[in-house]
Amino acid sequence: MKESPFDIAIIGGGLAGLSLSILLARSGYRVFLAEKKHYPMHRVCGEYISTESKPFLTSLGVDLKSVSRITQLQISAPNGTLLRSKLDSGGIGISRFELDRQLFQLALNAGVCIQTETQIDEVLDRTSKYELRAAGQAQATARLVISAHGKRSNLDRYWNRTFFSQRSPYVGVKYHVRSDFPKDTIALHNFKNGYCGFSAVENDLYCLCYLVARSELKAAGSVETLERKNLHQNPFLKSIWETSTFVWDQPLVINEISFAPKSRIENACLQLGDAAGMIAPLCGNGMSMALHSAMLVHQAIQEAGIEHPSLIFKHYDRAWKKQFKWRLLAGRTIQGMFGSTWTTNMVVSALKHTPQITRGIIRLTHGSPF
Ligand SMILES: Cc1cc2nc3c(=O)[nH]c(=O)nc-3n(C[C@H](O)[C@H](O)[C@H](O)COP(=O)(O)OP(=O)(O)OC[C@H]3O[C@@H](n4cnc5c(N)ncnc54)[C@H](O)[C@@H]3O)c2cc1C
């Protein structure tokens with residue numbers, strides 16, 4: 001076991017966990033972070049970050065020099081209707097491999113004690129401190145435990161969270177490819193029961209990432225057949241597959257993606273990032289929400305003081321609802337608009353002729369710079 005107790009233990013070293021660990025360590029807290037994988041790693045993610053996060057990432061010390069600046073949006077319907085729009089606030093393209101690698105290094109430099117390849121499976125209350133355990137072994141104790149374990153994890157089962165017992169209907173698939181697609185543009189191409197994002201990241205690479213109903217993958221029997229039978233019915237997707245060079249032999253695939261509402265607190269452990277609620281990926285904003293939620297927790301701890309956990313929870317919960325409640329609702333509504341092939345064809349055709357409404361919808365899912 002690491003020399004304990006720590007002031008704060010964080011479970012999960014994705015965007016939310018790593019950025020919070022950096023903020024807390026820089027504020028003078030002794031921070032322990034457990035991550036079940038090792039760095040650097042690829043993740044299923046569209047890798048488009050809305051510009052609102054740029055000041056925060058820069059303040060953490062993330063080098064954004066080589067990222068792609070994205071200012072244009074294309075949306076296509078399954079029938080090939082194409083809508084183009086300017087992205088008013090825009091975004092940046094950076095791979096998770098690179099972004100998480102940089103945050104990991106910044107956290108180490110800030111003095112965070114990071115233990116990788118450690119999957120926490122129990123959090124025990126040991127009177128005025130908590131013990132984190134993995135595979136029956138104590139890993140660390142801390143006065144406060146914060147969980148940033150992502151969209152779905154063993155801890156959701158451990159805490160018996162309501163959404164865990166419901167089967168989640170979506171699967172995510174991601175590739176890195178080379179292409180001559182404009183680097184300032186993100187494309188969102190719809191197909192039967194799914195959509196696929198395509199945009200540049202660093203080093204002349206592009207992220208090609210789609211979300212699809214699990215039932216479609218099951219019916220197709222394999223990712224390759226699914227792509228041929230569903231995705232390639234959209235002429236833009238067919239062209240991407242035909243003209244791009246795929247960098248990996250196999251795609252990254254994850255399942256059980258759920259957008260169900262979640263609680264911000266579970267057995268005295270504060271939840272942040274996707275663990276507190278996930279926005280539909282087509283909004284391109286989950287990463288900004290994860291980063292922003294880390295900033296809100298840091299502020300709540302600074303305001304309330306580590307010795308007042310219930311006040312920390314109260315401050316955080318209030319700030320979280322103010323920032324994200326409506327955005328998550330907008331995300332669910334927009335995801336619903338792209339529900340079936342028929343409605344998607346209708347919505348894209350209608351929005352094509354109403355640019356102000358299109359930009360208004362985009363604004364609903366994006367927040368202000370932080
Ligand atoms: C298909 C798809 C496309 C997306 N596209 C975009 C996009 O283009 N733009 C955007 O902004 N967002 C996008 N998102 C959402 C975005 O990826 C997430 O919102 C973001 O990664 C959330 O960050 P996080 O830190 O909360 O979780 P994560 O980044 O998932 O990190 C959680 C970490 O916790 C670790 N962990 C889990 N359980 C344990 C445990 N028990 N012990 C220790 N460690 C544990 C995991 O290994 C992981 O490293 C997309 C999501 C999907 C599914």
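**Loops, helices and a ligand shell**

Visitor: In which loop is the place of E47?
Guide: This is a predicted model, where local features need pLDDT of at least 70, side-chain atom pairs count only at pLDDT 80 or more, and totals for chains, interfaces and linings use all residues. Residue numbers start from 1 along each chain as its sequence is written. Helices (H or I, at least four residues) and strands (E, at least two) are DSSP runs, numbered from the N terminus. On that numbering, E47 has its place in the loop between β2 and β3.

Visitor: Is E47 buried or exposed?
Guide: E47 is not a glycine, yet has a positive phi of about 65°. A residue is buried if 20 or more other C-beta atoms, placed from the backbone, lie within 10 Å of its own, exposed if 12 or fewer, and partly exposed in between. E47 has 33 C-beta neighbours inside 10 Å, so the residue counts as buried.

Visitor: Which residue is joined to P40 by a cis peptide bond?
Guide: P40 lies in the loop between β2 (31-34) and β3. The cis bond has an omega of about -10°. The partner of P40 in this bond is Y39.

Visitor: Is N203 buried or exposed?
Guide: N203 has a positive phi of about 55° although it is not a glycine. The loop that holds N203 runs between β12 (194-200) and β13. Because N203 has 10 C-beta neighbours inside 10 Å, this residue counts as exposed.

Visitor: What arc do the buried residues of α7 cover around the axis?
Guide: In helix α7 (residues 235-243) the buried residues are F236, L237 and I240. They lie on the same side of α7, because the arc around the axis, taken from the directions from the helix axis to the C-beta atoms, is only 100°.

Visitor: Which residues are exposed on the other side of α7?
Guide: The buried residues of α7 are covered by elements that include β4 (68-76), β11 (185-191), β12 and β13. The other side of α7 has the exposed residues E242 and T243.

Visitor: Which helix supplies the largest share of the shell around the ligand?
Guide: The ligand is surrounded by 40 residues (C-beta atom, placed from the backbone, within 6 Å of it). Elements supplying at least two residues of the shell each include α1 (15-26), β3 (48-50) and α8 (286-304). The largest share, four residues, comes from α8.

Visitor: Which residues does A110 touch, not counting those up to four places away in sequence?
Guide: A110 is found in helix α3 (residues 96-110). With 17 other C-beta atoms within 10 Å, A110 is partly exposed. Contact here means C-beta atoms, placed from the backbone, within 7 Å of each other. By that rule A110 touches I22, A25 and R26.

Visitor: What is the radius of gyration of the chain?
Guide: The chain has 11 helices and 17 strands. The globule rule, 2.2 Å times the number of residues to the power 0.38, gives 21 Å for 370 residues. The chain is close to that value and so as compact as a globular protein of that length: its radius of gyration, taken over C-alpha atoms, is 20 Å.

Methods
Two residues are in contact if their C-beta atoms, placed from the backbone, lie within 7 Å.
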